[in-house]
Amino acid sequence: MDVERRRRANTLEREMRDPTSICNVDCLLDTVSALVSDCDHDTLKRLKNIEQYAAKYKPLAQRINQLRMNVEDFDFIKLIGAGAFGEVQLVRHKSSSQVYAMKRLSKFEMMKRPDSAFFWEERHIMAHANSEWIVQLHFAFQDSKYLYMVMDFMPGGDIVSLMGDYDIPEKWAIFYTMEVVLALDTIHNMGFVHRDVKPDNMLHDNYGHLKLADFGTCMRMGANGQVVSSNAVGTPDYISPEVLQSQGVDNEYGRECDWWSVGIFLYEMLFGETPFYADSLVGTYGKIMDHKNSLSFPQEVEISEQAKALIRAFLTDRTQRLGRYGIDDIKAHPFFRNDTWSFDNIRESVPPVVPELTSDDDTRNFEDIERDEKPEEVFPVPKGFDGNHLPFIGFTYTGDYQLLSSDTVDAEA
Ligand SMILES: CN(C)[C@H]1CCc2nc(NC(=O)c3cccc([C@H]4CCCN4C(=O)Nc4cccc(C#N)c4)c3)sc2C1
């Protein structure tokens with residue numbers, strides 16, 4: 001082969017081995033599976049070209065799906081979480097015996113809504129953060145109905161349970177607020193705003209240290225550090241005024257919206273309830289928009305002035321909010337002064353609550369969840385070629401192996 005042809009072949013091979021390239025081998029295999037899934041309908045097979053393609057490639061697609069990682073590789077242990085488009089299961093990988101948390105998102109739910117590309121941010125952040133503050137994505141795969149994300153199991157459960165089980169002393173609040181601040185700084189430094197920081201998204205590992213776990217509402221900041229979004233996201237109680245006001249209109253806001261949510265979280269740890277709680281959504285929104293007058297501290301709870309000062313510094317207009325000039329102003333706040341933990345040693349320190357676990361699949365820190373037995377919605381038979389699986393091409397990910405990467409076949413393969 002002449003030099004020019006060899007050079008061009010090398011370029012293509014390099015692209016095919018590059019995990020960040022859409023020419024990556026996993027993307028190409030996704031394409032075959034997606035195309036077969038989208039063609040494999042009797043109505044479409046009336047077209048000769050489609051019928052012949054499906055007949056020829058369906059066996060290959062089945063072989064690809066069977067050889068690559070798939071849901072049959074895992075034993076289901078227990079349902080440990082549920083969200084709008086799916087659920088999280090505790091599973092054990094059959095061949096390695098390793099336990100994982102596997103999130104399963106319904107493709108059908110996502111096809112019904114135009115703004116459903118949220119799972120790409122979640123995949124990117126958990127796959128590439130490589131941070132002790134972020135739950136790690138180990139594998140991602142898909143079948144004709146679902147997306148699957150295989151992640152770290154966090155046996156300590158979420159901090160909502162911890163707040164329910166304990167009356168949290170200020171000292172503990174220092175620890176957990178420090179860890180949330182460092183975790184959010186990691187997301188911000190990756191170029192994302194989280195937008196839905198709440199105790200449900202804060203999980204504990206087996207030591208009792210915190211990781212952020214749900215990134216469906218994360219959005220990439222523009223060059224100016226702002227996101228432009230018209231869909232208000234987040235859970236009412238923790239949502240900042242500027243994100244709230246972005247409902248319907250294109251409103252710009254930045255990472256400081258996450259610091260508001262930290263203020264809500266700190267208030268809730270210390271007072272046992274969120275500051276703008278109301279028994280209606282409108283009531284809560286009203287209090288948030290009028291936070292200057294609606295923020296108050298219950299007299300009967302003994303809280304330090306530093307704690308109140310930090311809460312006020314977060315629960316203020318974004319133009320005045322602590323953290324708008326970066327995390328150093330937050331780290332310097334007197335509330336964090338203590339004789340045990342610092343922002344630099346906290347990950348090496350012993351957390352206030354260390355989970356007592358008896359096995360690697362101990363789910364004592366997860367409430368039982370009844371599966372909402374809604375009849376599994378099936379896809380309507382497409383009238384024409386809908387390409388319903390095309391938006392999911394490229395989702396497949398294996399953190400520990402890249403197809404075609406090793407020059408020689410793996411010895412133990
Ligand atoms: C704009 N709209 C269309 C989109 C906005 C963003 C968005 N996010 C969704 N997200 C979901 O549908 C979903 C599914 C299962 C679990 C969870 C979380 C919420 C409850 C627990 N959970 C979670 O991720 N847990 C988790 C994660 C990692 C490790 C462990 C453990 N151990 C546990 C979320 S649907 C949707 C619609």
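## Polar contacts with the ligand

A polar contact is a pair of N or O atoms within 3.5 Å. This model is predicted, and its ligand has several pairs of that kind to look at. At Met154, a backbone N or O atom lies 3.0 Å from a nitrogen atom of the ligand. That distance is within 3.5 Å, so the pair counts as a polar contact.

Two further pairs involve oxygen. A side-chain N or O atom of Lys103 is 2.9 Å from an oxygen atom of the ligand. At Ala84, the backbone supplies the N or O atom, which lies 3.3 Å from a ligand oxygen atom.

## The shell around the ligand

How many residues are around the ligand? There are 22. Ala84, Phe85, Lys103, Met151 and Met154 come nearest. By class, the shell has 14 nonpolar, three polar and five charged residues.

On its own, the ligand has 780 Å² of accessible area, and the protein covers 84% of that. Three elements give two or more residues each to the shell: strand 1 (74–83), strand 2 (86–93) and strand 3 (99–106).

## Helix 9 against helix 12

Two packed helices are described by the angle between their axes and the distance between the axes. Helix 9 spans residues 256–271, and helix 12 spans residues 305–314. Their axes come within 8 Å and cross at roughly 145°. The crossing is left-handed.

Which residues of helix 9 meet helix 12? They are Trp259, Trp260, Val262, Gly263, Leu266, Tyr267, Leu270 and Phe271. Helix 12 answers with Ala307, Leu310, Ile311 and Phe314. By class, this contact has 11 nonpolar residues, one polar residue and no charged ones. Gly263 is the polar one, because Gly counts as polar.

Technical notes:
Residues are numbered from 1 along each chain as its sequence is written. This is a predicted model: local features need pLDDT of at least 70, side-chain atom pairs count only at pLDDT 80 or more; totals for chains, interfaces and linings use all residues. Side-chain values use heavy atoms; hydrogens and water are left out. Axes are lines fitted to C-alpha atoms, for helices over the stretch in contact, and angles run from 0 to 180 degrees between N-to-C directions. Helices (H or I, at least four residues) and strands (E, at least two) are DSSP runs, numbered from the N terminus. A crossing is left-handed if the near helix is turned anticlockwise from the far one by less than a right angle, and right-handed if clockwise. Contact means heavy atoms within 4.5 Å. A residue is near a molecule or strand if one of its heavy atoms lies within 4 Å of it. A polar contact is a pair of N or O atoms within 3.5 Å; within protein, one must be able to donate a hydrogen and the other to accept it, and residues adjacent in sequence count only if both atoms are side-chain atoms. Accessible areas come from the Shrake-Rupley method with a 1.4 Å probe; for residues, only the protein chains shown count as cover.
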